[in-house]
Amino acid sequence: MSLLSGLWTPEALWSLSNGPRRFSEVRRDIPGISAKVLTSRLRDLEERGVIGRRVMPTSPPTVEYELTVLGQDLLPAIRSIVEVGSRLLLRDRADQADASPTLPGPGARLAAEAH
């Protein structure tokens with residue numbers, strides 16, 4: 001589980017789950033993450049062998065990140081976490097909707113007075 005530790009690490013891996021991505025694409029997939037933190041997470045994952053980094057000889061150089069075999073092996077665990085999180089979010093929203101009192105809108109009083 002230490003491979004998935006750290007804020008934003010699962011999100012970065014999830015972003016790479018559909019194939020190679022550039023830094024800016026990964027950052028766009030994770031709203032709220034700073035460039036500094038994303039760089040740190042990607043370097044850490046690369047050092048651990050979870051992702052690969054490929055520099056292409058363009059001007060300016062293009063860098064792509066992709067999951068290694070180890071990174072792909074982690075996807076089922078991340079997918080399960082995403083599914084549970086989605087179910088919990090839906091449950092919480094349903095609970096909030098049930099707990100909210102239903103107040104009639106301003107037109108309801110006028111409609112009642114007309115009858």
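Guide: A nonpolar core is a set of buried Ala, Val, Leu, Ile, Met, Phe, Trp, Tyr and Cys residues joined through side-chain atoms within 4.5 Å. The model under discussion is predicted, and the term will be applied to it below.

Visitor: Which residues have the most contacts inside the largest nonpolar core?

Guide: In this model the largest nonpolar core comprises 17 residues, and those with the most contacts inside it are L13, L16, L45, V50, I51, Y65 and L67. The elements that each contribute two or more residues to this core are α1 (9–15), α3 (35–47), β3 and α4 (69–99).

Visitor: In what order do the elements of the protein run from the N terminus on?

Guide: The protein has five helices and three strands. Read from the N terminus, the succession is α-β-α-α-β-β-α-α.

Visitor: How is the burial of the protein as a whole to be read, and what percentage of its residues count as buried?

Guide: Burial is judged by relative accessible area, with under 20% taken as buried. Of the 115 residues of the protein, 20% meet that criterion. The protein exposes about 8100 Å², of which carbon and sulfur atoms supply 56%. As to contacts, residues 24 or more positions apart account for 47% of those with a separation of 6 or more.

Visitor: What is the order of the strands in the open sheet?

Guide: The three strands form an open sheet in the order β1-β3-β2, with antiparallel pairing. Strands β1 (21–22) and β2 stand at the edges and have a single partner strand each, so one side of each lacks a neighbour in the sheet. Strand β3 is mostly covered, five of its six residues being buried.

Visitor: How many bridges pair β2 with β3?

Guide: The antiparallel pairing of β2 and β3 extends over six bridges. These two strands form a hairpin, with five residues between them. Individual positions can be followed across the pairing: I51 stands opposite L67 in β3, R54 stands opposite E64, and V55 has V63 as its bridge partner. Both I51 and L67 are also among the residues with the most contacts inside the largest nonpolar core.

Visitor: How many bridges join β1 to β3?

Guide: Two bridges join these strands, which run antiparallel. In one of them, R21 has Y65 in β3 as its bridge partner.

Visitor: Which residues does Y65 touch, leaving aside those up to four places away in sequence?

Guide: With that exclusion, Y65 touches L16, G19, P20, R21, F23, L42, I51, G52 and R53. Among these, L16 and I51 appear, together with Y65, in the list of core residues with the most contacts.

Visitor: Let us turn to charged groups. How many salt bridges does the structure hold?

Guide: Side chains of opposite charge can pair when their charged atoms come close. The criterion is a side-chain nitrogen of Lys or Arg within 4 Å of a carboxyl oxygen of Asp or Glu. The structure holds four such salt bridges. One of them links R21 to D29, with the closest N and O atoms 2.6 Å apart. Another joins the side chains of R48 and D44, at 3.1 Å from N to O.

Visitor: Where does the salt bridge between E64 and R54 lie with respect to the strands?

Guide: The closest N and O atoms of E64 and R54 are 2.5 Å apart. Because E64 lies in strand β3 (residues 62–67) and R54 in strand β2 (residues 51–56), the pair ties together parts that are ten residues apart in sequence. The side chains of E64 and R54 also make a polar contact, at 2.5 Å.

Visitor: Is E64 buried or exposed?

Guide: The relative accessible area of E64 is 17%, so this residue counts as buried. Its partner R54 has 38% relative accessibility and is therefore partly exposed. Leaving aside residues up to four places away in sequence, E64 touches P20, R21, R22, G52, R53, R54 and M56.

Visitor: What are the relative accessible areas of R48 and D44?

Guide: R48 has a relative accessible area of 36% and is partly exposed. For D44 the value is 27%, which means that D44 is likewise partly exposed. In the pair with R21, D29 has 39% relative accessibility and therefore counts as partly exposed.

How values were computed:
Residues numbered from 1 in each chain as written. Predicted model: local features only at pLDDT ≥ 70, side-chain atom pairs only at ≥ 80, totals over all residues. Heavy atoms only, no water. Buried < 20%, exposed > 50% of the residue type's maximum accessible area, 1.4 Å probe, protein only. Helix = DSSP H or I, 4+ residues; strand = E, 2+ residues; numbered from the N terminus. Contact = heavy atoms within 4.5 Å. Areas by Shrake-Rupley, 256 points an atom, 1.4 Å probe, with all protein chains shown as cover. Polar contact = N/O pair within 3.5 Å; in protein donor to acceptor, adjacent residues only side chain to side chain. Pairing = 2+ DSSP bridges.
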